[in-house]
Amino acid sequence: MELPKEYDHNTLEEKWMNTWQDSMYYFDWDSNKPQFIIDTPPPYPTGNFHIGNALNWCYIDFVARYKRMRGFNVMFPEGWDCHGLPTEVKVEEKHGITKSQVSREEFRRMCVELTETNITRMRKSLRRLGFSIDWSNEYITMEPAYFGKTQRSFVQMHDCGMIYQQNHPVNWCPRCETAIAFAEVEYDSRSTHLNYLNFDKLKIATTRPELLAACVAVAVNPDDERYGDYVNTEVKVPVFGHNVRVIADKNVDPTFGTGVVMICTFGDKQDVRWWVEHSLPLRKAIDKTGKMTELAGKYKGMGTTECKKAIISDMKESGLLYKQEDLPQNVGLCWRCKTAIEILSERQWFVKIKQEDILNTANEVTWIPDYMKVRLENWTGTMEWDWCISRQRIFATPIPAWYCSDCGKTKVAKEEWLPLDPTQTQPPESCECGSSQFRGEEDVLDTWMDSSISALHVSGWLSDHPLLLPAQLRPQGYDIIRTWSFYTILRSKALLDKRPWDTILLNGMVLGEDGHKMSKSRDNFVIPEEVIVKHGADAFRQWAAIGGTTGSDIIFLWKDVVAGSRFLQKMWSIVRFSLPHISDKPASFTPIDLWLISKLNRLVKETTEKMDAYQFDETFKAIRGFAWDILADNYIELAKSRLYGEDGEGKQAAQYTLFVAIETISKLLAPFLPYFSEEIYSHIKQESIHLQSWPDVNESRIDAGAESTGEMIKEITSAIRRYKAEHGMPLNASLKEIEIYSTITDASDIAGASNSTIRLRPGTPDFELVPREIKPNMKVLGKTYRNKAKSIAEALVNADMKLSDIGSITIQVEDEEITLDLSCFTIEKERLLKGKAVDILEAGNSTIVIMR
RNA sequence: GGGCUCGUGGUCUAGCCGGUUAUGACACCGCUCUCACACAGCGGAGGUCCGGAGUUCGAAUCUCCGCGGGCCCA
């Protein structure tokens, strides 16, 4: 059966997608094979699979398919990280409500419904991209099966003292009305005013006069001579009239403003540090919604911006404010809604961070690229307080705890009660005080509490299966090192005292064609589906493989995808030509066959090493280079005359060589091009290529001798081809006669490829050998002669070339006589003809004489 | 402000534990419709490897300084 001329990616990819069975990729919990569990990132179910996710998944799939072919028991699970604000916002939009208008249950139900729709859509994208996902290991964090584990992890960590409740300053988003973790704070530079105030006896400068009501102290630098007398005295806060102490602290910058700062609870993180250090009282001037409290007197009920405006105008009027300056400022924002955060002291749940544990565990993991580990280390070193895990939201894992209505004591659930929602269920036992009236905790868990046990979940934690932690691989983007990597390491260590994975593989970000991060506003946004429709999943996957080195940012370029589809077409043509000519019956190889087989084994060796090192770009480029250059442009051209010729040993050898090459290449391509490789393999064998083994290297077939002989034949042939091109002849033109002076013993393929009669001649032709140039070998000279190497090289170039006949050259350098043997230089020779009507070509250590 | 990272022909990119004619793709210019492929083949032009200093016999590759991008953060 002849293949169609063009490779039709649309039809064939759809065909294979619908043919493949999910069970091909199931992880076998009872297998004897070595395990390879991949702790894949659970995407947020927005409904659209982003191109950055797609890159990440391509890397994962390359690894998963490769490892499977290498005999590993691979788990490529698919998780969905459902909880969080974006879905809550979408649901409010979709139903035209705010979450307070419906019951918690009803709101949660709406969120679940939207998430399910989105997951269904995204599953389709995943399938279409050809990912070998193990759907028997899918997990959905909003389902009881998963969030029950999240709750159990909470209870376990609470019971061993890793989770506690405390009044503590937290980053607070007044718009979302929730606490957020440091990892959720984003920074942006804005400009503000520095206001100079008459502050009792002192003058202070502040950017936040609206926090005057929350002022609990005034600080100066202990070495600042201007203010030494004031330290430990009291001053009266203007407008509000309460007295505060003047304290000395070396962290006050005497050159900033007036050198006097007011400490408020809380204006920024520095205030928190001072507050703790000097045991200052707490004055809450801002409430959870970002409004001023009664402490603010007449400003009560105003928003912070409004209050700031009002208080400034009042103080200007009364002369308290005497100067204003512009000041650039970095403001902390809520990463979801970009509202400026406040620091409020609230009762929250925290997870203890043990920096040592995290750093030690991070050291047990192999980081690829290794320098990415530094990011985790730096982040760990800058943590100022524990991880705040409570959120004031609805669509999230409920915190399994209650408060006794009588004594107020907190009751945390027992593991066997879980999963549950404390706002819907009462605890099955009464409080220590005897009361059985409880109020369920309404706070919910940070979504990172869900996803940071993904490694544990997929490895069989709290299941009927054996625990297989650590997983082998964690693939993820470097942008979430400080969150997902950090929290996973923390939790794995805390819950099981183990590292979560052996290796973490970081991928870069996908940039748009203009080199900037993709965003809808920049109009450089591309979605994977768009690429698939135009060029197919395999072409897209090629872009992922060769667009850049693993770990670096990668620009999405359409031309890379186009180049990918061209390679598919080229490879298709190769297979289309080969199919009628292949045979799996071995025969005795000719020199050019041996050359190809040697190169092929070298390719297998190289690609195996590179895949083991996760160097997808290099692997794929090596395969493509082999197929295009070595196989198509050279081997096939050279073997054609045998393939088209009469039956016999030579023909059979070419048929077999071609078979081996096609079969091997299709297997090497399988991890990258699942559809294409399956299609071509289906024309050779009846089984799926994705159930085959990765090719073995046959070391005995890697033969430098065979390669150099083949290289000579190749060089000679292309020299003849070039000769024809330069003389304006068609490449299939027949030349009168060609004489080749060479060490090769078989010129039949050359004859075939050049369509001419070839006469092989031994030894040196009847020409004069004239040395033309001496080329010094700096590698040898440098090592041997060090600082003299330069002058020796100069002398060599100018030496009398006839001297080299005896195999060495003696030269004078700086009054010293040095004899250099053949390892130190090479002689370029020119062959001159003795008056014959011929053209001479030099190629592959041979002389080609073409009769005119 | 700090950390990490990158800066290679027109564009993108490999090489970067020192010694290669500096890799490949796209674009460009010739020639060829050759029996798998014109989404091709063959040939060609095009690079002070960001700038400067240093280490070295020798640096795209190592060190330092500077300039310029990117990312993460304060």
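**Close-up views of a protein with RNA strand B**

**View 1. Side chains meet the RNA backbone.** In this predicted model, an N or O atom in the side chain of Arg576 sits 2.9 Å from a sugar or linking oxygen of RNA strand B. Arg624 makes a similar approach through an N or O atom of its side chain, at 3.4 Å from a sugar or linking oxygen of the strand. For Trp628 the partner is a phosphate oxygen of RNA strand B, 2.5 Å from an N or O atom in the side chain.

**View 2. The surroundings of RNA strand B.** Here we step back to the 46 residues that surround the strand, of which Tyr187, Asn378, Arg482, Thr549 and Tyr644 are the closest. By class, this surface holds 23 charged, 16 nonpolar and 7 polar residues. Looking from the RNA side, 64% of the strand's atoms within 4 Å of the protein belong to sugar or phosphate, and the rest to bases.

**View 3. Helices beside the strand.** H17 provides the largest share of the surface near RNA strand B, with 11 residues. Helices that each supply at least two residues to this surface include H9 (372–381), H15 (558–578) and H20 (704–726).

**View 4. The largest nonpolar core.** Among its 131 residues, Trp543, Phe556, Leu631, Tyr635 and Ile848 touch the most other members. Helix H17 (residues 616–644) gives the most to this core, namely 14 residues. A separate core of 60 residues lies apart from it, with Met75, Val155, Met157 and Trp387 among its members.

**View 5. Around Phe556.** Beyond its neighbours within four places in sequence, Phe556 is in contact with residues including Ile51, Val510, Met518, Phe540, Trp543 and Val561.

Methods
Residues are numbered from 1 along each chain as its sequence is written. Chains are lettered from A and ligands numbered from 1 in the order in which they are written. This is a predicted model: local features need pLDDT of at least 70, side-chain atom pairs count only at pLDDT 80 or more; totals for chains, interfaces and linings use all residues. Side-chain values use heavy atoms; hydrogens and water are left out. A nonpolar core is a set of buried Ala, Val, Leu, Ile, Met, Phe, Trp, Tyr and Cys residues joined through side-chain atoms within 4.5 Å. Buried means under 20% relative accessible area, exposed over 50%, partly exposed in between (1.4 Å probe, protein chains only). Helices (H or I, at least four residues) and strands (E, at least two) are DSSP runs, numbered from the N terminus. Contact means heavy atoms within 4.5 Å. A residue is near a molecule or strand if one of its heavy atoms lies within 4 Å of it. A polar contact is a pair of N or O atoms within 3.5 Å; within protein, one must be able to donate a hydrogen and the other to accept it, and residues adjacent in sequence count only if both atoms are side-chain atoms. Ala, Val, Leu, Ile, Met, Phe, Trp, Tyr, Cys and Pro count as nonpolar, Asp, Glu, Lys and Arg as charged, and the others, Gly among them, as polar.
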